[in-house]
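Biologist: I have some words I keep meeting and want explained. Can we go through them one by one?
Modeller: Gladly. Let us put the structure up and begin.

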Amino acid sequence: MDSVVLARWQFAITTVYHFFFVPVTIGLSGLVAAFQTRWLISTRGGHREGDVRWLRLTRYFGKLFLINFAIGVATGIVQEFQFGMNWSSYSRFVGDIFGAPLAIEGLAAFFLESTFLGLWIFGWNRLPRPVHLATIWLAAIGSVLSAIFILAANSWMQHPVGAVVNAARGRAELVDFTAVLTNPVALVTVPHQLFACYMVAGAFVAAVAGWQVAKLRRADPEVSLLRRGDVPVAEAVRPWRSAIRVGAAVLVIAGLGVAVSGDVQGKVMTDVQPMKMAAAEALWHAEAPASFSIFTIGTLDGQHEVFSIKIPYLLSFLATGHFDANVQGIDDLQAAYVQTYGPGTYSPNIPLAYWTFRLMIGTGMVSVAGGLAAWWMSRRIRHPERLRHATRGLARLLAPEVSRGRWWTWAMVALPLLPLVANSFGWIFTETGRQPWLVFGMLRTADGVSPNVSALDVAISMSVFTLLYGILAVVETRLMLRYISAGLPSADPPEIVPDAPLTFAY
Amino acid sequence: MIIPMITSAEALPVVWFVLIAVLWTGYLVLDGFDFGVGMLLRPVGRDDQGRRIVLHAIGPVWDGNEVWLIVAGGATFAAFPEWYASLFSGAYLALLVILVALIVRVCALEYRGKHDDPGWIRRWDWAITISSLVPPLVWGVALADFVHGLPMDSAHNVIGGLPVLFSPYSVLGGVALVLLCLTHGAAFLALRTSDEVRERARRIGLAIGLPAAAALGGFVFWTALHGGHARVVALVIAAVATLGVLGGWVATRTHHDGWAFVGTAIGVAGFVACVFSSIFPAVLPSTLDPAGTLTISNAAATPHTLTIMTVVAAIMTPIILLYQGWTYWVFRRRLSTRQLAASAHEPGPARS
């Protein structure tokens with residue numbers, strides 16, 4: 001394998017791995033901040049203790065958040081360095097535009113995130129309560145800002161606006177920074193990505209709490225998530241039920257946000273990268289109206305389709321917003337690009353684009369269904385006497401009484417993993433779908449690699465990262481499971497005491 | 001005498017050269033004591049209680065300190081893309097080593113206290129020690145290579161791989177930075193802790209202070225001799241840096257912990273300042289083809305980009321300094337065993 005292929009594999013491995021932790025960091029920091037806010041609100045009016053349920057949830061999910069955050073930070077440094085290490089020709093070409101959002105990300109986002117998270121971890125008994133609450137919010141805002149700037153940088157690679165190529169210097173040069181920040185791709189990708197992060201975090205919170213409830217049910221079959229009339233649920237279940245309600249609501253609402261923003265994104269993509277949309281459907285020839293296939297058996301090269309379920313008009317609508325519009329095919333676009341850019345292959349890996357696009361949508365939709373089920377299972381029943389009639393058919397499957405079996409445990413494991421892999425599939429789709437371009441229409445991927453870094457060097461670094469990341473995955477998973485199964489921490493509300501133990505930390 | 005008109009197109013790369021030097025200084029002065037503290041974890045901490053105090057001293061700040069490196073990297077990418085590309089691809093395997101160390105260090109610091117198992121803690125303690133030694137060693141070598149230059153062809157690509165990074169001069173840079181970070185970390189611990197931990201930190205600081213001053217002195221004066229346009233400036237900085245570490249040593253002897261820390265901080269800052277003032281106006285000299293030498297003009301981004309970046313930096317930098325400074329103020333109390341929870345390890349209800 002040559003160094004281009006190896007450098008691409010290394011980027012894919014390290015980026016997909018890094019991005020297992022990013023959505024949890026972005027989404028969970030916001031949810032932990034929300035829990036803490038809810039607790040602080042409950043302390044108003046002279047109740048120093050407040051509703052400690054929310055404080056305990058804050059600390060419990062705060063711990064899980066920190067375990068995740070550490071590995072996200074650790075693997076994030078690689079991301080910034082490897083542009084220069086493996087893609088130095090790319091860095092020389094794009095630095096004038098691409099470097100600025102990266103530097104601003106550090107200045108505006110990473111400093112905020114890291115500094116205030118340190119204050120939050122160690123500041124429980126050092127800072128006044130509202131100030132301490134502000135630190136976690138600032139950290140959460142920092143993580144959102146970092147998403148905005150890095151997505152502006154990535155969107156520029158998909159659709160390079162606000163720049164001209166200086167052939168003499170062999171580089172792209174910035175002419176309009178506002179255009180870079182208001183790139184239509186960025187404007188729609190930012191909400192799409194942020195909603196996707198909150199899907200993961202919501203699913204994570206609901207699933208962890210759901211698993212805890214199953215544990216309680218194994219000890220006491222009478223435990224129920226349902227709130228019957230005006231009778232509150234058992235004290236041990238109460239915080240977990242709250243977490244399930246919040247997590248499920250966030251998952252479902254964020255899921256809707258992802259769907260709506262994704263729909264707009266598809267239309268922008270058809271506009272600026274029509275080849276990616278054609279690849280997503282494996283549409284070889286223009287169709288009007290174009291149908292969308294749910295799945296296809298056979299090959300996707302347009303030759304040997306064995307079986308396919310198609311929804312008529314849907315692709316036309318996804319791509320343009322009109323049910324009978326023309327959608328360009330791969331072959332038409334290939335011919336047009338040869339006219340513009342000269343001989344070459346201008347289509348990405350079609351089966352990869354086709355399947356990652358469907359897996360992204362499919363896993364995302366299943367997780368939203370899971371969120372709806374969790375919401376329904378933890379509902380409040382106004383007329384408990386009618387409950388027997390309500391648990392028939394599908395309702396029986398979703399009855400809270402079933403949450404003891406092994407399948408329930410697996411469902412809780414799957415719930416957060418579904419939106420997480422949906423994120424991965426989305427990124428694999430959008431990055432491989434841009435190929436053969438590194439910067440669309442400006443720089444080919446093969447021309448971006450470092451000419452002085454040998455295939456052996458890349459093979460070494462790729463092996464080292466893969467091995468190290470593998471070990472860290474085991475360590476982090478074990479630690480995560482350990483802290484998940486530990487249950488809720490105590491409820492002592494924080495008070496400012498100069499020599500109080502700095503307990504939240506080491 | 002004609003005073004040359006300095007247009008913004010000429011001034012902005014200078015501004016960014018200085019700013020990147022400042023970012024490296026911030027990184028090594030701040031994360032420098034984190035490295036020192038990490039290396040000293042075992043000897044200064046000694047038992048588990050002591051080691052937890054040592055880690056608490058850097059706990060709230062080390063992650064924010066590391067961001068200075070990320071911003072230095074991002075700023076180099078944005079302001080001098082050619083410098084970023086040549087350096088990062090040219091020092092490929094050395095940076096791989098640094099990345100591995102930084103990854104291990106983050107996880108070690110965060111995960112050490114999260115499991116109450118002696119084997120777990122022992123392994124992470126060693127991980128902290130080694131992963132705190134490697135970055136200053138390799139950064140010291142790399143900064144020396146800024147001065148000495150790297151074999152670059154006319155397209156600014158470094159030819160030759162790992163061996164070209166090492167010379168007696170660059171190895172001295174690495175050793176000097178390690179010793180400096182050790183002294184700096186010891187001074188920080190003496191300032192931030194109390195009782196036996198503080199006493200042990202002082203003793204180690206006294207033992208390492210003079211060798212550190214000697215290694216630093218050797219390196220910075222050797223560096224200043226490379227100096228081009230600003231040799232006088234580099235010589236002055238070299239003298240100040242060496243005197244800073246010596247003054248820190250005297251302050252440690254006389255129990256002035258704050259001044260001792262100021263002294264070692266001046267040493268680290270001087271290390272970086274000396275390197276940058278010696279290479280100016282080059283950013284990375286070529287030892288192979290003179291046409292390959294990168295300077296602040298042929299490596300720079302366009303004036304348009306630099307102007308935008310200058311505005312952003314001018315707004316953000318004071319804010320960052322303010323809130324990072326506030327963090328140090330919040331956690332200014334000396335640490336002792338009183339501030340340690342009964343057990344930091346077991347997750348669960350015991351933690352309050």
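Modeller: This is a predicted model. Across the interface of chain A and chain B, 22 residue pairs are in polar contact, both residues being at pLDDT 80 or more. Four elements of chain A, α2 (52–86), α3 (88–122), β2 (171–174) and α15 (455–486), each supply at least two residues of the side that touches chain B.

Biologist: Which element gives the largest share of that side of chain A?
Modeller: α3(A) does, with 24 residues. By class, the side has 52 nonpolar, 17 polar and 15 charged residues.

Biologist: What is the size of the interface, given as buried area?
Modeller: The size of an interface is often given as the accessible area lost when the parts come together. Here chain A and chain B bury about 7,500 Å² between them. Of that, 69% is on carbon and sulfur atoms. The contact takes 84 residues from chain A and 84 residues from chain B.

Biologist: Why is the pair Arg92(A) and Glu82(B) called a salt bridge?
Modeller: Side chains of opposite charge can pair when their charged atoms come close. The rule asks for a nitrogen of Lys or Arg within 4 Å of a carboxyl oxygen of Asp or Glu. In Arg92(A) and Glu82(B) the closest N and O atoms are 2.7 Å apart. That is within 4 Å, so the name applies.

Biologist: How do you know which parts this pair joins?
Modeller: Arg92(A) lies in helix α3 of chain A and Glu82(B) in helix α5 (residues 81–90) of chain B, so the pair joins two chains. Both residues are buried. The rule finds one salt bridge across this interface. Over all chains the count comes to 15.

Biologist: What makes Thr135(A) buried rather than exposed?
Modeller: Buried means under 20% relative accessible area. Thr135(A) has 1%, so it is buried. Thr135(A) sits in helix α4 (residues 129–158) of chain A. Not counting residues up to four places away in sequence, Thr135(A) touches Phe116(A), Leu119(A), Trp120(A) and Leu127(A).

Biologist: And why is Arg51(B) called buried?
Modeller: Its relative accessible area is 14%, and the limit is 20%, so the word fits. Arg51(B) is in helix α3 (residues 48–58) of chain B. Leaving aside neighbours within four places in sequence, its contacts include Arg112(B) and Asp125(B).

Biologist: Which residues are linked with Arg51(B) in a network of salt bridges?
Modeller: Asp48(B), Arg112(B) and Asp125(B) are linked with Arg51(B). Take Asp125(B) and Arg112(B): their side chains meet at 2.5 Å, N to O. This pair links distant parts of the chain, 13 residues apart. Asp125(B) is in helix α7 (residues 118–148) of chain B, and Arg112(B) is in the loop between α6 (92–111) and α7. Both are buried.

Biologist: How do you know that β1 and β2 of chain A pair?
Modeller: Pairing takes at least two bridges. Strand β1 (residues 163–166) and β2(A) have four, so they pair, in the antiparallel sense. Ala163(A) stands opposite Leu174(A). The two strands form a hairpin with four residues between them. In the turn, Gly170(A) has a positive phi of about 65°.

Biologist: What makes both faces of β2(A) covered?
Modeller: In a regular strand the side chains alternate between the two faces of the sheet. In β2(A), Arg171(A) and Glu173(A) are on one side, Ala172(A) and Leu174(A) on the other, and all are buried. Arg171(A) and Glu173(A) also form a salt bridge, with the closest N and O atoms 2.9 Å apart.

Methods:
Residues are numbered from 1 along each chain as its sequence is written. Chains are lettered from A and ligands numbered from 1 in the order in which they are written. This is a predicted model: local features need pLDDT of at least 70, side-chain atom pairs count only at pLDDT 80 or more; totals for chains, interfaces and linings use all residues. Side-chain values use heavy atoms; hydrogens and water are left out. Contact means heavy atoms within 4.5 Å. Buried area is the accessible area (1.4 Å probe) that two parts lose on being put together, summed over both. A polar contact is a pair of N or O atoms within 3.5 Å; within protein, one must be able to donate a hydrogen and the other to accept it, and residues adjacent in sequence count only if both atoms are side-chain atoms. Ala, Val, Leu, Ile, Met, Phe, Trp, Tyr, Cys and Pro count as nonpolar, Asp, Glu, Lys and Arg as charged, and the others, Gly among them, as polar. Buried means under 20% relative accessible area, exposed over 50%, partly exposed in between (1.4 Å probe, protein chains only).
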